[in-house]
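Me: Hi! Could you walk me through this structure before I set anything up? I'll just fire questions as they come.

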Amino acid sequence: MLKVSSILIGVNDLNKAKSFYEQVFGFQFKEFRPPFASATFDGIEFNIEENADYRAADWASNYIGGRKHVSFETDNLEQFIAKAESLGTKIIEAPQEKPWGWKEAVIADPNGNEFIVEQKL
């Protein structure tokens with residue numbers, strides 16, 4: 001059997017990122033050991049981590065910022081986006097219906113990591 005076990009997102013400021021993921025996505029971090037923090041979300045370990053001396057020289061440029069291949073599904077996209085905006089979240093793309101039967105928006109965390117948030121139509 002094969003399954004996704006964890007996701008790692010690079011961040012510049014662990015405390016700021018932790019606050020964002022708690023407020024916007026409702027994460028509850030079970031582990032907080034700077035430069036690392038870990039939450040379980042829908043059965044998958046979701047980790048955020050700052051760059052550290054033991055990382056490869058190009059780690060930050062590969063892991064911090066840009067579009068991530070992680071999507072979050074909600075049953076009310078407009079409500080989620082309104083809440084995220086009220087918390088100061090940057091909205092990269094407003095909700096739009098897609099030809100494959102979903103409505104999607106793109107948001108960014110304080111480090112410029114972008115995620116799709118979607119709702120099945």
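**Charges, rings and a pocket**

Reply: Happy to, and let's begin with Arg67: its relative accessibility is 37%, so Arg67 counts as partly exposed. Keep in mind that this is a predicted model.

Me: Which residues share a salt-bridge network with Arg67?
Reply: Glu93 and Glu114 do; salt bridges with shared partners join them and Arg67 into one network.

Me: How far apart are the closest N and O atoms of Glu93 and Arg67?
Reply: They are 3.5 Å apart in that salt bridge. Glu93 sits in strand β6 (residues 90–97) and Arg67 in strand β5, so the pair ties together parts that are 26 residues apart in sequence. Glu93 is partly exposed, with a relative accessible area of 28%.

Me: How many salt bridges turn up in the whole structure?
Reply: A search finds six. Among them is Arg33 with Glu31, where the side chains meet at 2.3 Å, N to O. Another joins Arg55 to Glu49, with 2.7 Å between the closest N and O atoms.

Me: For that last one, is Glu49 buried or exposed?
Reply: Glu49 is buried, because its relative accessibility is 6% and the limit for buried is under 20%. Its partner Arg55 has a relative accessible area of 25%, so Arg55 is partly exposed.

Me: And what about Arg33 and Glu31?
Reply: Arg33 counts as partly exposed at 49% relative accessibility. Glu31 is also given as partly exposed, at 27%.

Me: Switching to rings. How many aromatic pairs are there?
Reply: The whole structure has 18 aromatic pairs. One of them is Phe41 with Phe72, an edge-to-face pair at 5.5 Å centre to centre and 70° between the planes. This pair links distant parts of the chain, with Phe41 in strand β3 (residues 36–41), Phe72 in strand β5, and their positions 31 residues apart.

Me: Is Phe72 buried or exposed?
Reply: Phe72 is buried, at 6% relative accessibility. Phe41 comes out as partly exposed, at 31%.

Me: Which residues are in a cluster with those two?
Reply: One aromatic cluster is formed by Phe20, Tyr21, Phe25, Phe27, Phe29, Phe41, Phe46, Phe72, Phe80 and Phe115.

Me: Where does the charged end of Lys18 sit?
Reply: Over the ring of Phe32, 5.4 Å from the ring centre.

Me: OK, pockets. How much space lies in the largest one?
Reply: About 260 Å³. The elements that give two or more residues to its lining are α1 (14–25), β4 (44–50) and β5 (66–73). β5 gives the most, with four residues.

Me: Which residues lie nearest its centre?
Reply: Phe41, Asp42, Ser71, Phe72 and Glu73, out of 14 lining residues. So the two rings we discussed, Phe41 and Phe72, come up again here.

Me: What's the lining like chemically?
Reply: The lining divides into ten nonpolar, two polar and two charged residues.

Me: Last topic: where is Leu2 placed?
Reply: In the segment before β1 (6–11). Leu2 counts as exposed because its relative accessibility is 82%, and the limit for exposed is over 50%.

Me: How far is Leu2 from Ala56 in space?
Reply: 28 Å, C-alpha to C-alpha, with the two residues 54 apart in sequence.

Me: Great, thanks!

Key. Residues are numbered from 1 along each chain as its sequence is written. This is a predicted model: local features need pLDDT of at least 70, side-chain atom pairs count only at pLDDT 80 or more; totals for chains, interfaces and linings use all residues. Side-chain values use heavy atoms; hydrogens and water are left out. On a 1 Å grid over the protein atoms alone, a cavity is a set of points where a 1.4 Å probe fits but cannot get out, and a pocket is an open set with protein on both sides within 12 Å along at least five of seven lines; lining residues have an atom within 4 Å of a point. Grid points are joined across faces, edges and corners, and a volume is the space filled by probe spheres set on the points. Ala, Val, Leu, Ile, Met, Phe, Trp, Tyr, Cys and Pro count as nonpolar, Asp, Glu, Lys and Arg as charged, and the others, Gly among them, as polar. Buried means under 20% relative accessible area, exposed over 50%, partly exposed in between (1.4 Å probe, protein chains only). A salt bridge is a side-chain nitrogen of Lys or Arg within 4 Å of a carboxyl oxygen of Asp or Glu. Rings of Phe, Tyr and Trp (its six-membered ring) pair if their centres lie within 6.5 Å; planes under 30 degrees apart count as stacked, over 60 as edge-to-face and the rest as tilted. A charge sits over a ring if NZ of Lys or CZ of Arg is within 6 Å of the ring centre and within 35 degrees of the ring normal.
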